[in-house]
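Q: Please take one part of this model and go over it closely, then work outwards from there to whatever else is worth a look. Keep it chatty, but give me the numbers.

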Amino acid sequence: MADPSLSAAGRVYLVGAGPGDPGLITLRAVECLRQADLVLYDYLVNPRVLQHLRPGARAECLGRHGRDRIVPQPEINERLVREARAGKTVVRLKGGDPAVFARLADEIDALGDAGIEFEVVPGITAALAAGSYAGIPLTHRETASAVALVTGQEQPGKEEAALDYAALARFPGTLVFYMGVTSARRWTAALIAGGKSPDTPAVIIRRCSWPDQLTLPTNLGQVAPEIAARKLRPPVLVIVGEVAATQPAVSWFTRRPLFGQRVLVTRPVEQSEALRDRLEELGAQVLVQPAIEIVPPADWAAVDDALARLHEYDWLVFSSANGVRFLLDRLCSKGDLRQLGPVRLAAIGPGTADALAHYRLNADLVPPEYRAESLAEALAPQARGRRFLLARASRGREVLAEQLRAAGGQADQVVVYRSHDVAAADPDVAAALAKGGIDWVTVTSSAIARSLVKLFGEDLRRARLASISPITSATLRELGHEPAVEAARYTVGGLIEAILQGT
């Protein structure tokens, strides 16, 4: 008879998250994360992969070296069993691959002994990623017909070492050492004593596939002095063998134009993804600190009244993608897009027009310059006697309504979303900026400019400011901050172009 205590048991997924780049996580790993009630993750896992969690799921880091307590393996095993027995779906998320130096056997044994169902989901192990991201082929038809993955840290308390360094010294291929920072003098000396030449090419790779990846070519005899001189901390891999001599001067990964640059994205969370992703593709390390947050109106009554009278207007004018999203989502919740009828649509720029396209709507007018003055100028010739409904934020300039009225039109405004300053910055972001550890801060609106000055004060001068438009630049100057670059095209793409030119 089945044990009734196990009938409602959950399931555990032992998942590899890859070496750092969040794009290297597998599709199956993402599926598991989307099912999870609880994720227990190692500090080497990029927190960006947690974006795949469903709302309401919890994620807990199991400790960071030098910052808080590292949860020991027996406690992890016990927690996995306890949470699964409580009926939860648990993901145990590990850096790299769970089957390579990641204590997988301990967790499988604990789950098996407790009768808990589990699945192991492979990930890209750091050695394989290191070869690709540093441009080093781990195998070579002439010099390396095999690869050995070697630990630099054997379990304490073993009666004798399991590694035969003399055999490793004769190994006909490439050696890749994991977890070998603190023990570098011991294992390099053992290899040399076993017959490996101290001149054997080697490459030290730290934080493989992260935007601050460090790649140091050297030789076996200099590995330990190099690690000590640079005070390197994990995660570090060392590739030893003739293939290390083939490393290009600059790899595809470090050749990207923004590699080594740290960029702070300050847009609201729901708008930051496109900018962040493009900057990361170009090699930047991106930090996200929203300066403002976007929320619905406190009361929808005015919006609902305007929507009920849409047929009275000739033009519906949007000055932001947020305005499109909030107004049209509200319209769809109360009826459908057919209520727009013959109303013509104007968008301040291509981003706003793209937001309309998401609803299968085409903008009838987009001005040549993406600012309110240009939009008003484009609408002015047909404004006399026409009625305009302007979907706007809770704060912003009045220039569009004023110029349409001056041109003889009737301009009604309705607040379709509120913009609030973020009250406090993330402590890690604030500390990085204070230390001069951020190269660029993106500034994509006047509201963001004002909030940034409140959040960071004088520390904002420690980074270069990238402004999206002349209006945003003017606000920064009013606040006493000179932008380092200004976008020629007032779009996210134009902002990125300005950063590239200014780097």
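A: Let's start with P235, which is placed in the loop between α7 (223–230) and β10 (236–240). Bear in mind throughout that this is a predicted model. What makes P235 worth a stop is the bond leading into it: from P234 to P235 the peptide is cis, with omega near 5°. Most peptide bonds are trans, and most residues other than glycine have a negative phi.

That second half of the rule gets an exception here as well. K231 lies in the loop between α7 and β10, and its phi is near 55°, a positive value in a residue that isn't glycine. With a relative accessible area of 69%, K231 is exposed, because anything over 50% counts that way.

M179 makes a good partner for K231. Its phi is near 50°, again positive in a residue other than glycine. You'll find M179 in the loop between β7 (174–178) and α6 (184–193). The relative accessible area of M179 is 40%, so this residue is partly exposed, whereas K231 is exposed.

From the loops, on to helix packing. The axes of α8 (residues 269–281) and α17 (residues 492–502) come within 10 Å and cross at roughly 35°. The handedness of the α8–α17 crossing is right-handed. On the α8 side the contact is made by L275, R278 and L279, and on the α17 side by V492, L495 and I496. Sorted by type, the residues of this contact come out as 5 nonpolar, no polar and 1 charged. R278 is the charged one, because Arg counts as charged while Val, Leu and Ile count as nonpolar.

Look at α17 by itself and its buried residues are G494, L495, I496, A498 and I499. L495 and I496 are also part of the contact with α8. The packing partners of the buried residues of α17 are α8, β18 (440–443), β19 (464–467) and β20 (485–486).

Back in α8, S272 is worth picking out. S272 lies in that helix, and its relative accessible area is 4%, so it counts as buried, the limit being under 20%. Setting aside residues up to four places away in sequence, S272 touches V265, R267 and V288.

Another buried spot is I292, found in strand β13 (residues 292–295). Its relative accessibility is 6%, so I292 counts as buried. Leaving out neighbours within four places in sequence, its contacts are T266, P268, R395, S419, H420, D421, V422, A447, I448 and S451. H358 is 66 residues from I292 along the chain, and the two C-alpha atoms are 24 Å apart.

Now the rings. The count comes to 7 aromatic pairs. W252 and F253 have ring centres 5.5 Å apart and planes at 70°, so the pair is edge-to-face, which takes an angle over 60 degrees. The two partners sit in contrasting surroundings: W252 is partly exposed at 43% relative accessible area, whereas F253 is buried at 2%. Both belong to one aromatic cluster, together with Y133 and F259.

Arginines show up over rings too. R207 lies over the face of W210, 4.2 Å from the ring centre. R387 does likewise with Y313, at 5.1 Å from the ring centre.

Zooming out to the whole chain, there are 17 helices and 20 strands. The C-alpha trace spans about 90 × 65 × 45 Å along its principal axes. Of the 503 residues in the chain, 48% are buried; S272, I292 and F253 are among them. Finally, take the contacts in the chain with a separation of 6 or more: residues 24 or more positions apart account for 68% of them.

Note on methods. Residues are numbered from 1 along each chain as its sequence is written. This is a predicted model: local features need pLDDT of at least 70, side-chain atom pairs count only at pLDDT 80 or more; totals for chains, interfaces and linings use all residues. Side-chain values use heavy atoms; hydrogens and water are left out. Rings of Phe, Tyr and Trp (its six-membered ring) pair if their centres lie within 6.5 Å; planes under 30 degrees apart count as stacked, over 60 as edge-to-face and the rest as tilted. Buried means under 20% relative accessible area, exposed over 50%, partly exposed in between (1.4 Å probe, protein chains only). A charge sits over a ring if NZ of Lys or CZ of Arg is within 6 Å of the ring centre and within 35 degrees of the ring normal. Axes are lines fitted to C-alpha atoms, for helices over the stretch in contact, and angles run from 0 to 180 degrees between N-to-C directions. Helices (H or I, at least four residues) and strands (E, at least two) are DSSP runs, numbered from the N terminus. A crossing is left-handed if the near helix is turned anticlockwise from the far one by less than a right angle, and right-handed if clockwise. Contact means heavy atoms within 4.5 Å.
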